[in-house]
Amino acid sequence: MADPSTTACTSSLFPVIDIRELLLRDGDAKALRECGEQLVKACENTGFFYVRTGVRPGLIESLSDAAHKFFALSTEEKETIKMAKSGKSWRGFFKVGDELTSGKADQKEGIYFGREENYSGEMPLRGPNLWPEVEGRVLLKDDVLEYMDFMRLVGLRLMGAISKALGAGAACLDAHFAENPTELFRIFSYPSPRKEEGDAEVFGVGEHTDYGFLTLLYQDQTGGLQVKIPSEDRSGFQWIEVPFIPGTHVVNLGDALEHYTHGRFKATPHRVIYHGRRATKKPRLSFPYFFDPCWGAPMTPMPLDEEGRSRTSGRWDGADPTQFEGIYGDYLQRKISRVFPQLFAQAIRTTS
Ligand SMILES: O=C(O)CCC(=O)C(=O)O
Ligand SMILES: [Fe+2]
């Protein structure tokens, strides 16, 4: 099938929502109501929007500098913290070609982080992070931990406002994230496209939806992120660019939130292009933080009136996440097994 055309983004598709008041004043009724209404509207529309968080600008700069420094090392040096060394905790570096988001190797390398803890039990995705060392000094650690703390607050406040705006039916949503959300943070580095590599089917990240509740993404100015939404006449799909807007994060929703709201909120397919992307001296950097349900949260949809429901028919991948039964951890493991098949088989699988 021919690739749908790409169109520039419009602000009505991806509104910019200022959540600084929501972050500053927990429980402030006006901020909760105003943000909640805007958030729900955006979640029902394209499932993509921007938030203005007021994150410390020096932090983003410092993270970006350290990330560029790390990715400029040789593969051998970077592999001193390779993911295979972290076992079940799913942390560390992976090289270009190791991650298969949509069944094909992505043109990106990256580092996976999670909540920093001294955990040595059997649960997957838990444990200490692997921190790189350059010239005898630990790189990234302070910035990553500060950034994850801030993003956790953003995730909590956004989910709090969304739950409140969803009304009484969402009362049990808190139980899915308030105590122990699954937090993943990744730093991705996308090599600049090379003219001689002509396969238009190669992507930075292939088409996919995210798995959990909210993805909070900081991207640099390079561009390349695209979202797939129905065409205006609804006869097919179009790819829309999601450009960098200074001072904002991009937020999008994952399968678990679509499932939870019976498809009322959208987990929208997206990708990062490789061909057709502006060639840059430095690689493109992106910083997705995933704020997702607790490992053991049951994938139970919220109780809703019949009229409030909108079934997820015709999803991009033919799957219907509302049909999934079990806990979020099972859903996540099933996804990981597809994007990192080798690593999953060696290190993460919890059931035989
Ligand atoms: O790097 C980006 O801009 C998007 C990454 C992404 O979609 C993901 O990690 O799920
Ligand atoms: Fe994604």
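Which residues of H3 are buried? In this predicted model, the buried residues of helix H3 are Leu-59, Ile-60, Leu-63, Ser-64, Ala-66, Ala-67, His-68, Phe-70 and Phe-71. The helix covers residues 57-71. With 15 residues at 1.5 Å a residue, helix H3 should span 21 Å, and its end C-alpha atoms are 21 Å apart, so the expected and actual spans agree. For reading such a list, it helps that an α-helix has 3.6 residues a turn, so residues three or four places apart point the same way.

Helix H7, residues 328-339, can be treated in the manner of H3. Its 12 residues should span 16 Å at 1.5 Å a residue; the end C-alpha atoms lie 17 Å apart, which agrees. The buried residues of H7 are Tyr-328, Gly-329, Tyr-331, Leu-332, Gln-333, Lys-335, Ile-336 and Val-339. A lysine, Lys-335, is thus listed among the buried residues of this helix.

The metal site comes next. The iron ion (ligand 2) has as protein donors NE2 of His-208, OD of Asp-210 and NE2 of His-270, at 2.1 to 2.2 Å from the ion. Along the sequence these donor residues follow the spacing H-x1-D-x59-H. The two histidines come from distant parts of the chain: His-208 belongs to strand S9 (residues 203-208), His-270 to strand S14 (residues 270-273), and 62 residues separate them. Both His-208 and His-270 are buried.

Two of the iron donors, His-208 and Asp-210, also appear beside ligand 1. There are 13 residues around ligand 1, and those that come nearest are Tyr-190, His-208, Asp-210, Arg-284 and Ser-286. Three of these place a polar side-chain atom beside an oxygen atom of the ligand: for His-208 the distance is 3.1 Å, for Asp-210 it is 3.0 Å, and for Arg-284 it is 2.9 Å. On its own, ligand 1 has 300 Å² of accessible area, of which the protein covers 95%.

The cysteines remain. What does a search of the whole structure find in the way of disulfides? The search finds zero. Cys-35 is in no disulfide, and the nearest cysteine sulfur, that of Cys-43, is 12 Å away, whereas a disulfide requires the two sulfur atoms to be within 2.5 Å. Cys-35 has a relative accessible area of 4% and is therefore buried. Cys-294 also counts as buried because its relative accessibility is 13%, with the limit set at under 20%.

Terms used: Residues numbered from 1 in each chain as written. Chains lettered and ligands numbered in written order. Predicted model: local features only at pLDDT ≥ 70, side-chain atom pairs only at ≥ 80, totals over all residues. Heavy atoms only, no water. Buried < 20%, exposed > 50% of the residue type's maximum accessible area, 1.4 Å probe, protein only. Donors = N, O, S within 2.8 Å, 3.2 Å for Na, K, Ca; no water. Helix = DSSP H or I, 4+ residues; strand = E, 2+ residues; numbered from the N terminus. Expected span 1.5 Å × (residues − 1). Near = heavy atom within 4 Å. Polar contact = N/O pair within 3.5 Å; in protein donor to acceptor, adjacent residues only side chain to side chain. Areas by Shrake-Rupley, 256 points an atom, 1.4 Å probe, with all protein chains shown as cover.
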